[in-house]
Amino acid sequence: EINRLRLTLSTLETQRDGLVRERDIQRSRASPVRRLPVELLGDIFGLWETNQCLSQYLCRFCLFHMTQTCSLWKKVCHSRPEFWTDICVHFDSMYDIAYSDGLYSTKAGSLIALLESYLSRSKSLPLTI
């Protein structure tokens, strides 16, 4: 009898966890930021991005962080070539953390992958280094 009740309890907990995940997904879809027009969201990101090279720490890959937030933000950032025209490189720290293929690594060679990402995403716009 106890084993049957444990099995029933386990099944109910699994179902509850699934419902909680589904509820969270539905809540995120109803989030006010998702109701903003994509163009407006891009303009907001543009205002944020132009003010981020305030320090070495804030400058490092801040745009890449935005693209990893969710698929919508990634789509918005990748659709705006002007976001990718200012390349900020701190050579004194390039050996600490580098970005490549969506992951951070400690290899300085990843700087090339980072620069290639900026070059391809900036399309034909002039670059500032």
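**Burial, core and surface of the predicted chain**

Of the 129 residues of the protein chain, 26% are buried (under 20% relative accessible area, with exposed meaning over 50% and partly exposed in between; 1.4 Å probe, protein chains only). The model is predicted, so local features need pLDDT of at least 70 and side-chain atom pairs count only at pLDDT 80 or more, while totals for chains, interfaces and linings use all residues. Residues are numbered from 1 along each chain as its sequence is written, and side-chain values use heavy atoms, leaving out hydrogens and water.

The chain contains six helices and two strands (DSSP runs, H or I of at least four residues and E of at least two, numbered from the N terminus), in the order α-α-α-α-α-β-β-α. Mean pLDDT (the predictor's confidence in each residue, from 0 to 100) is 78, with 73% of residues at 70 or more. Among the elements, H1 has the highest mean, 93, and helix H3 (residues 56–59) the lowest, 48.

The largest nonpolar core (buried Ala, Val, Leu, Ile, Met, Phe, Trp, Tyr and Cys residues joined through side-chain atoms within 4.5 Å) has 14 residues, of which Phe45, Leu63, Cys77, Phe83, Trp84 and Tyr118 touch the most other members. At least two residues of this core come from each of H2, helix H4 (62–67), helix H5 (71–78) and helix H6 (110–121). Beyond its neighbours within four places in sequence, Cys77 is in contact (heavy atoms within 4.5 Å) with Phe45, Leu63, Met66, Thr67, Phe83 and Trp84.

Leu36 lies in the loop between helix H1 (2–29) and helix H2 (38–50). Leu36 counts as partly exposed because its relative accessibility is 30%.
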